[in-house]
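Okay, thanks everyone, I'll keep this short. Have the sequence and the model open while I talk, and stop me if I go too fast.

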Amino acid sequence: MAGPAGRLDAVLVCGGRWHDFDYARLRLLELLGEHPRVRTTVFQDYDCASELDEADLLITYTCDVRPSPAEGTALARFVERGGRWLALHGTNAVIEPPAPGGPRVFSTPRLLGEVAAVLGSQFLAHPPIEPYEVRVTRPAHPLVAGIQPFTVTDELYVCELHGESEVLLHAEYTGPCRGFAEGDTAALDNAPRPVLYLRRHGLGEVCCFTLGHCRGRYDMQDLGVADTGHVDRGPWGTPEFLTVLRRCVVRAVGEPGPTDARGRAGAPADH
């Protein structure tokens, strides 16, 4: 697509707080490894502007990884020129932990800058992790075709939305999200909660999929929990989640589209 013999260059950003990023990174690299044309460079944060300038696709699985203004500009530029960004789980989350000795309340400051507009959402809160139903919004869309409503144990994201997006999966939740500064008001409306959606930005596309929580025994130590005593794989054993995730990766790998001025691949395939 971009390089000699059709090689595709991918950037994977996987890191942050309170999740088992080793596990998520391994699983995502396995999915990328199903595509022999893809060569992947891995980062833990967004200090990858030069690689993004040459990349064809970007996959992110983060939590509280905050792009600097320059890094945010690089992310926006990547999509504008025709890049495809698969943004998973906490990519849209900026979370301040409770102050020492204070109430156990997390805040979600608006520090993503222009990245929130590119992503189309910013995380505000979630109710306790427990099973909930994911419903299919656009059953004819190829990313979710044949998928029936399914149950996952995950964090049900309540988000502040930016602009119009094509929602493919959603969940229903109205009520409090205890432990978050905006948790008493964030989910009081009756609006569906987008779980999987697509949005265009410039020549490129963002695919945002909020499922994917996973946590190991030692991932909460900065909150004073030395060992949770159990491993939480969330939806990673749920067949419907894995099917849709694999389709999202295939879409991110994509097919050749119109080229930009440098001869690199441009817009993703039409819906």
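So, D20. This residue is in the loop between β1, residues 8-16, and α1, residues 21-32. Just so we're clear, what we're looking at is a predicted model. Is D20 buried or exposed? Its relative accessibility is 13%, and buried means under 20%, so D20 counts as buried. Skipping the neighbours within four places in sequence, D20 has contacts with C214, R215, G216, D219 and R233.

In that loop between β1 and α1 you'll also find W18. W18 has a relative accessibility of 7%, so it counts as buried too. And take a look at its backbone: phi of W18 is near 65°, which is positive, and this isn't a glycine. As background, most residues other than glycine have a negative phi. D64 is another non-glycine case, with a positive phi near 60°. You'll find D64 in the loop between β3 and α3, and at 11% relative accessibility it counts as buried.

Now over to R215, one of the contacts of D20. R215 belongs to the loop between β11 and α5. At 16% relative accessibility, R215 counts as buried. What does R215 touch, leaving aside its neighbours within four places in sequence? The list is W18, H19, D20, I129, E155, M220, H230, V231, D232 and R233. So that list includes both W18 and D20 from the β1 to α1 loop. One distance for your notes: R215 and T228 are 13 residues apart along the chain, and their C-alpha atoms are separated by 9.2 Å.

R215 comes up again with the pockets. The largest pocket has a volume of about 400 Å³. It is lined by 19 residues, and the closest to its centre are F106, H126, E155, F180 and R215. E155 and R215, both in that group, are also in contact with each other. By class, the pocket lining is 12 nonpolar, 3 polar and 4 charged residues.

On to closed spaces. Rolling a probe the size of a water molecule over the atoms shows where empty space is left. How many cavities of 30 Å³ or more does the structure hold? There are 2 of them, and the largest has a volume of about 40 Å³. Its lining is made of R84, W85, L86, E205, C207, C248, R251 and A252. The elements giving two or more residues to that lining are β4, β11 and α5. Class by class, this lining has 5 nonpolar residues, no polar ones and 3 charged.

Let's stay with α5 for a second. This helix has 15 residues, and at 1.5 Å a residue they should span 21 Å; the end C-alpha atoms are 21 Å apart, so that agrees. The buried residues in α5 are F241, V244, L245, C248, V249, R251, A252 and V253. Remember that residues three or four places apart on an α-helix point the same way, because there are 3.6 residues a turn. Right after α5 comes G254, with a positive phi of about 70°.

Next, the packing. The largest nonpolar core has 61 residues, and L169 and F209 have the most contacts inside it. Helix α5, residues 239-253, gives the most to this core, with 7 residues. Setting aside neighbours within four places in sequence, F209 is in contact with A87, L88, H89, L169, V195, L196, F241, V244, L245 and C248. Apart from this core lies another one, of 23 residues, and among them are Y46, L52, A55 and L58.

Last stop, α3, residues 69-80. Here 12 residues should span 16 Å at 1.5 Å a residue, and the end C-alpha atoms are 16 Å apart, so this helix agrees as well. Its buried residues are E71, G72, A74, L75, A76, F78 and V79. What covers them includes α2, β3, β4, α4, β10 and β11.

After α3 comes G82, with a positive phi near 120°. G82 lies in the loop between α3 and β4, and at 2% relative accessibility it counts as buried. How far apart are G82 and G204 in sequence and in space? They're 122 residues apart in sequence, yet 3.7 Å apart C-alpha to C-alpha. Okay, that's my tour, so over to you.

Methods. Residues are numbered from 1 along each chain as its sequence is written. This is a predicted model: local features need pLDDT of at least 70, side-chain atom pairs count only at pLDDT 80 or more; totals for chains, interfaces and linings use all residues. Side-chain values use heavy atoms; hydrogens and water are left out. On a 1 Å grid over the protein atoms alone, a cavity is a set of points where a 1.4 Å probe fits but cannot get out, and a pocket is an open set with protein on both sides within 12 Å along at least five of seven lines; lining residues have an atom within 4 Å of a point. Grid points are joined across faces, edges and corners, and a volume is the space filled by probe spheres set on the points. Ala, Val, Leu, Ile, Met, Phe, Trp, Tyr, Cys and Pro count as nonpolar, Asp, Glu, Lys and Arg as charged, and the others, Gly among them, as polar. Helices (H or I, at least four residues) and strands (E, at least two) are DSSP runs, numbered from the N terminus. The expected span of a helix is 1.5 Å times one less than its number of residues. Buried means under 20% relative accessible area, exposed over 50%, partly exposed in between (1.4 Å probe, protein chains only). Contact means heavy atoms within 4.5 Å. A nonpolar core is a set of buried Ala, Val, Leu, Ile, Met, Phe, Trp, Tyr and Cys residues joined through side-chain atoms within 4.5 Å.
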